[in-house]
Every structure is written in C-alpha cells, then in structure tokens.
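User: Hi! I have a protein model on my screen and would like to talk it through with you. Could you help me read it?

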Amino acid sequence: METSSFFSGLENEAMKNVKCTLKIQPTWTYEPNIIELKPERVVCCMDGAPSKTVNFPGCKIIKLCANTDDSIYPMHLTVAGPCYYTKQNKKDFEIMFRTREQSLLMKLPYTSKFDWPDYRAIEQCPKCCKRAKPSSSKDRYWLVYQVCLQGADIGIGTRVMPRLICEECFELIIDDCCLRVTVGSQTGPEAEVPLLDVIEAQGRITWLKNGHTLEKRDDGLFGAYELYCTWEHFGAFQAMCDEYSRMMQSAMSESGHEIGFRGQEQAPPSTYWEMSQIPTKEGRKCDYAACSNVHGKREAPEPGKKKGRKTRLQECLGCFDTMYCSAECQKAAWPDHKALCKEAQQKRKEEEEKEKARQKMDDEEKMAAALASFVPLSITPQGGGGVKKKKSKIGGGKKKKGKK
C-alpha cells in the first residue's frame, strides 16, 4: 500500500510524520473493549467559558480497538452515541475546532502549541471519507472520539477529536462485535450480546445513567454538538483524555521509544459491562401491526444506497414493554397502545409511591430505634467535690478599686 493511500487528505504534515491518519484502513478490524474511568476531580475547560472543577463519579465506556499489524498509528474509537447533525451543530464545531489561522480571522484566542485539522475532520466519516451534511432530516450518525497524534520540532502533541461516522459505516465496523455482559453485577450470569443491543439497552448516551436536559427529537436522538458538550459537562471527556494520556505515557516509557504504534492506548479488557437484564430483541418484530420490520434485519435500501439500514427496535418509554422500529410506527400505533401504556405507567407510579412510603417507614423506624437506644453522657466534674458555685457579687463582695 502506498503511503499516500493511508491518509484522508485532511491530515497536516506533523500528523503524517508519525503516520497518524484520519482514515480507517481496509485491513483493520475492530474489537470492543470496556474502559473503566475511576472517580476523580477533573477540570473542564470548554472553549470560551471559564474552567470549572467537576467531581466526576466514574463510569465505563466502550472503546473500539483496531487490530492492525502495519506501522501506521492505529485509530482506536471511543463510542459516544448516535446523533443527528444540524447547521447549528456545524457552526458550533467550526468555532470550537478551529485552526490557528482561523482563530486570527475570528479574533479568538488559540491556546494549543500545535495546529490541528479544523471541523472538517469531524464531518469526514473515517470509514468512507464522505462528509456529513448538516440537515434536519432523518440522517443518523454516530459520534466517536479518536486520539490524534502529531510530531513536530516542539515535541509530541495529542488531541482527542470527535468524529461523525455514517450509520451504515458504523454498522459495518461493529457488524460482528459482541460485548461480555453480566446481569446485576460482575458475579452474575455472563453472556455475549451484540454491541448495538448493549448500547441501546444502556440508553442513547452509553455511560450516562442519570437524567439529562438535552433537547432531543421524537426518535430520541440528540444533536452531535449537544452530545459532545454533555461529555464535557459531566467530566467524562476530560477523564477519558487523562486516562488515555496515562496509558500512552506508560506504553512509551515501557517501550523505550518516543512513540509506540501498536497497543499504546490499550488497557486490559478489565471488567464486564453490567446490565440489569439481557436484551432479548433478536428476531422480534416491530409492535406496530402494519409494520413487518424485524430487529437486526436490514430494511429495503433507500434510493442511491446499496444497503438498507438495520432495524433497531426501541422500547416505549411509557410502558417499557412494547418496541417500535421508528417514531412513525410508534405514533401510528398510539391510538391502540394508549390505554395499555397509561395503565402500565399508573401501575409503575403506584409501585414507586409504595416503595417511597416503605423507605420512609424504614427510615422512621431506624430513627426511633436510634433515639430509644440513645443514652446521654453524664457529666461529672473533676475532683469529685461537686460543682463549685460562684460567689455572688451582690451585697458583700469587695469592689475593686479602679482608676478614675
């Protein structure tokens, strides 16, 4: 393979010096690994905003590691989640990921010692090298993070850059990828589950367990820039950057070289991905009676495309029982599903209220037991002679002479 075919056309000379590419090579295959980010205090520095310290609670993220034997710097990808891409997202990324020259034209500061590719690298799919087109249509993408490297006279520079992958290309990358999962805890039963099913069972943002306030469409997708900012806001992005930096420094010190090409970001596939239950979507049909789509099967290709998208069933967020392949099917099925869904929601609400009342009762019983067993400490003065009373200054006390 010629050296020029390694690259996508957006890499600068400093990246080419260390053979860091923005393009997935045809011979590469990917294997999913689980990276555990430990709880820590991280400093988040969003462009144009004052830095803030965040108590990052820790989480697990999914990293797609490239299996390669060539000398090119491997492209490992951390999965952020599915998203859509709008014109406003493009404007935000254009400002956030600007070059030194663009910063001068925008009259904005540029703090990095190194010059990196601009927002076009985010838009360019690393698989097919086509650029994402901002629109409000149904085009879906996957946001991933790539660790980029460059070598210059001033030293070695690294940067974690978001990338948008076409939905079809992402499915090709992880087509046969499965993840080890356990039910309940690490000691629970184990299973191999398709990667997409694991991600969707955990939610649209793979690691975010708590609620969020992001604006989303009817199909549950978030904007690419909003998804990126969520990682920044909760401290996950900075914690990920710090962890990858430690991995790289450790690998470089062990190898004795300035740059190690293979495995420099690899962490031991440490833990299992813990899930409350194993997803059972494979072979299940969309619950809208007029739809024949089956989970995991490809739909008819759209005009101009070779392959159709794979059907991915999503749970109804009201009852968590029925599943649909699209927002259109869910809306069409709503008149028939409404009564059942409302009943399930009411039942879940009653159970939650009972659980809260039971928890409150347990807390009150614990408090009552604690008060019943409470014994006040007796205060005994030193010397055993009782408490000495102070002499009263009223009536017979001598007055001290003071200066006039």
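**Reading the fold**

User: Happy to start broad: for contacts with a separation of 6 or more, what share comes from residues 24 or more positions apart?
Analyst: Good place to begin, and please keep in mind that this is a predicted model. The protein has nine helices and 13 strands. Among its contacts with a separation of 6 or more, the share from residues 24 or more positions apart is 65%.

User: What percentage of the residues is buried?
Analyst: The protein has 404 residues, and its accessible surface is about 24200 Å². Carbon and sulfur atoms hold 52% of that surface. As for the buried residues, their share is 40%.

User: Which helix gives the most to the largest nonpolar core?
Analyst: In soluble globular proteins, nonpolar side chains tend to be buried together. Here the largest such core has 48 residues, and F93, Y145, L164, Y228, W231 and M240 touch the most other members. With eight residues, the top contributor to this core is helix α8 (residues 236–255).

User: And how many residues are in the other core, the one with I62 and W142?
Analyst: That core lies apart from the largest one. V144 and L195 are also among its members. Its residue count is 29.

User: Is helix α7 mostly covered or mostly open, and how many of its residues are buried?
Analyst: Helix α7 spans residues 224–233 and is mostly covered. Its buried residues are A224, Y225, L227, Y228, T230, W231 and E232. Just after the helix, G235 takes a positive phi of about 85°. Of the ten residues in α7, the number buried is seven.

User: Is R140 buried or exposed, and which side chain does R140 make a polar contact with?
Analyst: R140 is found in the loop between α4 (120–123) and β6 (141–152). Its relative accessibility is 15%, and because the cut-off for buried is under 20%, R140 counts as buried. At 2.7 Å, the side chain of R140 makes a polar contact with the side chain of E167.

User: Now to the outside: how is M106 classed, and what is the area of the nonpolar surface patch it helps make?
Analyst: M106 lies in helix α3, which covers residues 100–106. With a relative accessible area of 30%, M106 is partly exposed, because that class runs between under 20% and over 50%. Together with I95 and L108, M106 makes a nonpolar surface patch of about 210 Å².

Definitions and conventions
Residues are numbered from 1 along each chain as its sequence is written. This is a predicted model: local features need pLDDT of at least 70, side-chain atom pairs count only at pLDDT 80 or more; totals for chains, interfaces and linings use all residues. Side-chain values use heavy atoms; hydrogens and water are left out. Patches are made of residues with over 30% relative accessible area and no salt bridge: like charges are joined within 9 Å, nonpolar side chains (Val, Leu, Ile, Met, Phe, Trp, Tyr) within 5 Å. Accessible areas come from the Shrake-Rupley method with a 1.4 Å probe; for residues, only the protein chains shown count as cover. A salt bridge is a side-chain nitrogen of Lys or Arg within 4 Å of a carboxyl oxygen of Asp or Glu. Helices (H or I, at least four residues) and strands (E, at least two) are DSSP runs, numbered from the N terminus. Buried means under 20% relative accessible area, exposed over 50%, partly exposed in between (1.4 Å probe, protein chains only). A nonpolar core is a set of buried Ala, Val, Leu, Ile, Met, Phe, Trp, Tyr and Cys residues joined through side-chain atoms within 4.5 Å. A polar contact is a pair of N or O atoms within 3.5 Å; within protein, one must be able to donate a hydrogen and the other to accept it, and residues adjacent in sequence count only if both atoms are side-chain atoms. Contact means heavy atoms within 4.5 Å.
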